[in-house]
Amino acid sequence: MEASKLGSFFESFQVGDVIEHSLSKTIFESDNNLFSLLTMNHHPVHLNADYASKQHHGQILVVGTLVFSLVVGITVPDISGKAIANLNYESVNHLHPVFIGDTIYAKTMILEKRESKSRKDSGLIKVETIAFNQDGTDVLKFTRTVLVKKAQP
């Protein structure tokens, strides 16, 4: 049995590369309910079908931070599996609402790459991730900087 690949070393990332992540997830009502309860987000637009039906979108909206957390997770095997840390999230933009039953996919572009000044065993990559639903509609975009181990320190 061959071990699964988890992340890439700093040397493997090239500016301009676009990684289409193989993981994806359909968001179920149970996902949204559990996340809402765990994070104490009890807004009725996320939990009350009657209330949500009378609002702008006419249905329950998936919590935006659930979508964000899910997409970060989708990127782990390709981007941060060998990371030491996610250092910052420069921007998080919710582009389109996500509903129960939507399937989320993602792709990431490598924007910048540089050696770490304080850690000789690692480097920094700046990436932009775009998440989209089953219809190809972009639903989320975020930029972050990741501290990644080198294969050869």
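**Exercise 1. The contact of two helices**

Task: In this predicted model, determine which residues of helix H1 meet which residues of helix H4, and at what angle the two helices pack.

Solution. Begin with the residues themselves: on the side of H1, Asp-31, Asn-32 and Phe-35 take part, and they meet Thr-65, Leu-66 and Ser-69 of H4. Sorted by class, this contact of H1 with H4 comprises two nonpolar residues, three polar ones and one charged one. Next consider the geometry, for which two packed helices are described by the angle between their axes and the distance between the axes. H1 covers residues 29-38 and H4 covers residues 64-80, and they pack at an angle of about 105°, with their axes 10 Å apart. Since angles of 65 to 115 degrees count as roughly perpendicular, H1 and H4 are therefore roughly perpendicular to each other.

**Exercise 2. The partners of strand S4**

Task: Establish how many bridges join S4 to strand S5, and how many join strand S1 and strand S2 to S4.

Solution. Take S1 to begin with: this strand, residues 18-20, is joined by three bridges to S4, residues 103-115, and the two run antiparallel; within this pairing, Ile-19 stands opposite Thr-108. Turn then to S2, residues 25-26, which is joined to S4 by two bridges, again with an antiparallel course, and here Thr-26 stands opposite Thr-103. Finally, ten bridges join S4 to S5, residues 122-132, and these strands run antiparallel, with Glu-112 standing opposite Lys-126. The connection between S4 and S5 is a hairpin through six residues.

**Exercise 3. The surroundings of Ser-122**

Task: Decide whether Ser-122 is buried or exposed, and list the residues with which Ser-122 is in contact, leaving aside its neighbours within four places in sequence.

Solution. Locate the residue in strand S5. Its relative accessible area is 0%, and because buried means under 20%, Ser-122 is buried. Beyond its sequence neighbours within four places, Ser-122 is in contact with Ile-84, Glu-115, Ser-116, Leu-147, Val-148, Lys-149 and Lys-150. As for polar contacts, the side chain of Ser-122 makes one with the side chain of Asp-121, at 3.5 Å.

**Exercise 4. The chain as a whole**

Task: State how many helices and strands the protein chain has, and what share of its residues is buried.

Solution. Counting the elements gives four helices and six strands, which follow one another along the sequence in the pattern β-β-α-α-α-α-β-β-β-β. Of the 153 residues, 37% are buried. Turning to contacts between residues at least 6 apart in sequence, 72% of them join residues at least 24 apart.

Methods. Residues numbered from 1 in each chain as written. Predicted model: local features only at pLDDT ≥ 70, side-chain atom pairs only at ≥ 80, totals over all residues. Heavy atoms only, no water. Pairing = 2+ DSSP bridges. Axes fitted to C-alpha atoms, helices over the stretch in contact; angles between N-to-C directions. Parallel < 35°, antiparallel > 145°, perpendicular 65-115°, else oblique. Contact = heavy atoms within 4.5 Å. Nonpolar A, V, L, I, M, F, W, Y, C, P; charged D, E, K, R; others polar. Buried < 20%, exposed > 50% of the residue type's maximum accessible area, 1.4 Å probe, protein only. Polar contact = N/O pair within 3.5 Å; in protein donor to acceptor, adjacent residues only side chain to side chain.
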